[in-house]
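This report is for a reader who has not met the structure before. It takes up the core, the annotated spans, the metal site and some backbone details in turn.

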Amino acid sequence: MGLPPVILYAFVFVVGLCLGSFLNVVITRLPVMLMRRWRSEALEALEMPAESAAPFNLATPASLCPHCEAPIAWHDNLPLLGWLKRRGRCAQCDQPISMQYPLVELAGGLLAVAVLALFGMVPQTLFIYSACLVLLALSVIDFRTYLLPDALTLPLLWLGLVYQLLFQPYMLGDAVIGAMAGYLSLWSFYWLFKLVTGKEGMGYGDFKLLAALGAWLGWTFLPLLLVLSAGLGATVGLAAQASSPALRGKPLPFGPFLALAGWTCLLAGDELFALYMRLGA
Ligand SMILES: [Zn+2]
């Protein structure tokens with residue numbers, strides 16, 4: 001490596017900011033794209049005339065203000081800097097722009113630096129960083145819409161299996177069992193909960209997300225993932241209810257906590273696992 005580390009890390013941070021900026025597009029548009037598709041499929045099944053609508057995907061239209069739909073100039077759309085320059089407000093209508101945008105961009109940059117520092121300049125780093133970004137997108141989407149799109153959970157699962165095949169083939173068996181057991185454990189819990197209480201405690205997206213994490217980490221991590229995510233979810237849920245009565249009775253998405261537990265295990269798994277085994281023994 002010829003580059004001094006500071007320049008390398010600064011470069012990686014900026015690339016991460018830009019990827020975070022793209023992630024914001026995925027986070028805001030993917031659920032809308034899915035809703036549109038479901039609607040047009042429903043109309044087709046009911047043999048009703050299709051609606052004509054302007055194209056809407058990750059590339060079209062260009063960035064718009066969510067309030068006044070004014071196009072955002074490139075210099076106001078730069079990751080992090082655009083938001084800071086306008087102090088979080090639209091240049092046209094002066095309405096506030098969500099904190100989600102700079103926070104996801106910053107997370108993209110910081111994760112890139114953290115993954116590089118932990119794993120170094122090896123091909124595995126790109127795979128692990130991709131997984132971190134998909135987990136970030138999934139958490140924010142679930143938090144906003146209660147959806148964990150298959151378009152993200154299933155590629156995350158396959159990417160985990162390919163990672164094991166390429167870099168640690170001795171883990172492949174553990175990973176396949178992890179994916180199956182991850183799905184089945186939450187699936188059984190869901191049905192048990194539904195039979196006993198008549199309520200739905202989580203969604204099928206949660207099963208697929210745990211399956212994906214099982215593929216990345218192997219089945220041995222599943223109990224730790226569940227303990228961490230349930231603990232985090234319960235703590236945050238209780239804190240939210242105590243701080244604001246408006247949140248009482250509002251369901252909390254489980255996906256962000258699964259994703260956070262997954263992140264933690266991907267980045268600090270071996271240390272955590274050792275601690276967990278020591279506490280359990
Ligand atoms: Zn505006």
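The largest nonpolar core of this predicted model has 57 residues, and Leu-156, Leu-209, Trp-216 and Leu-225 touch the most other members. A nonpolar core here is a set of buried Ala, Val, Leu, Ile, Met, Phe, Trp, Tyr and Cys residues joined through side-chain atoms within 4.5 Å. Buried means under 20% relative accessible area, exposed means over 50%, and partly exposed lies in between, with a 1.4 Å probe and protein chains only. Two or more residues come to this core from each of α1 (5-45), α3 (100-119), α4 (123-145), α5 (150-167), α6 (172-197), α7 (204-217), α8 (222-243) and α9 (255-280). Helices are DSSP runs (H or I, at least four residues) and strands are runs of E (at least two), numbered from the N terminus. The element that gives the most to this core is α4, with 13 residues. At least three residues of this core are drawn from each of domain 1 (1-121) and domain 2 (150-281).

Leu-156 shows what such packing looks like. Not counting residues up to four places away in sequence, Leu-156 touches Ala-131, Val-134, Leu-135, Leu-138, Leu-209, Ala-212 and Trp-216. Contact means heavy atoms within 4.5 Å.

Gly-178 is another packed position, found in helix α6. With a relative accessible area of 0%, Gly-178 is buried. Leaving aside neighbours within four places in sequence, Gly-178 is in contact with Ala-211, Gly-214, Ala-215, Gly-218, Trp-219 and Leu-222. The C-alpha atoms of Gly-178 and Ala-212 are separated by 8.3 Å, and the two residues are 34 residues apart along the chain.

Residues are numbered from 1 along each chain as its sequence is written. Local features need pLDDT of at least 70 and side-chain atom pairs count only at pLDDT 80 or more, while totals for chains, interfaces and linings use all residues; side-chain values use heavy atoms, with hydrogens and water left out.

The domain assignment of the protein chain gives domain 1 (1-121) and domain 2 (150-281), with bounds that come from an automatic or database assignment. The C-alpha centres of domain 1 and domain 2 lie 26 Å apart. Five residues of domain 1 are in contact with five residues of domain 2.

UniProt also lists spans for this chain. Its positions are in the numbering used here, its feature names are shortened, and its annotations may be inferred rather than shown by experiment. In the unreviewed entry, "domain: Prepilin peptidase A24 N-terminal" covers residues 14-117, and "domain: Prepilin type IV endopeptidase peptidase" covers residues 131-238. The annotation "transmembrane region" in the unreviewed entry covers residues 6-27, 126-144, 176-197, 209-234 and 254-276. The table gives the secondary structure and end-to-end C-alpha distance for some of these spans.

| Span | Helix | Strand | Distance between end C-alpha atoms |
|---|---|---|---|
| Residues 6-27 | 100% | 0% | 31 Å |
| Residues 14-117 | 53% | 0% | 15 Å |
| Residues 126-144 | 100% | 0% | 27 Å |
| Residues 131-238 | 83% | 0% | 29 Å |

Which residues coordinate the zinc ion? Cys-65, Cys-68, Cys-90 and Cys-93 do, each through SG, at 2.3 Å. Donors are N, O and S atoms within 2.8 Å of the metal (3.2 Å for Na, K and Ca), and water is not among the atoms, so sites may look incomplete. In sequence, the donor residues of the zinc ion are spaced C-x2-C-x21-C-x2-C. Cys-65, in the loop between α1 and α2 (81-85), and Cys-90, in the loop between α2 and α3, are 25 residues apart and link distant parts of the chain. Cys-65 is buried, with a relative accessible area of 2%, and Cys-90 is buried at 8%. The arrangement is tetrahedral because the four donor atoms around the zinc ion subtend angles of 104 to 116°. Four donors count as tetrahedral if all angles lie between 85 and 135 degrees.

Some backbone details remain. Most residues other than glycine have a negative phi, and most peptide bonds are trans. The peptide bond from Thr-60 to Pro-61 is cis, with omega near -10°, and Pro-61 lies in the loop between α1 and α2. Leu-80, in the loop between α1 and α2, has a positive phi near 60°. Arg-87, in the loop between α2 and α3, has a positive phi of about 50°. Leu-80 is buried, with a relative accessible area of 17%, whereas Arg-87 counts as exposed at 71% relative accessibility.

Key:
Tetrahedral: all angles 85-135°; square planar, octahedral: opposite > 155°, others 65-115°.
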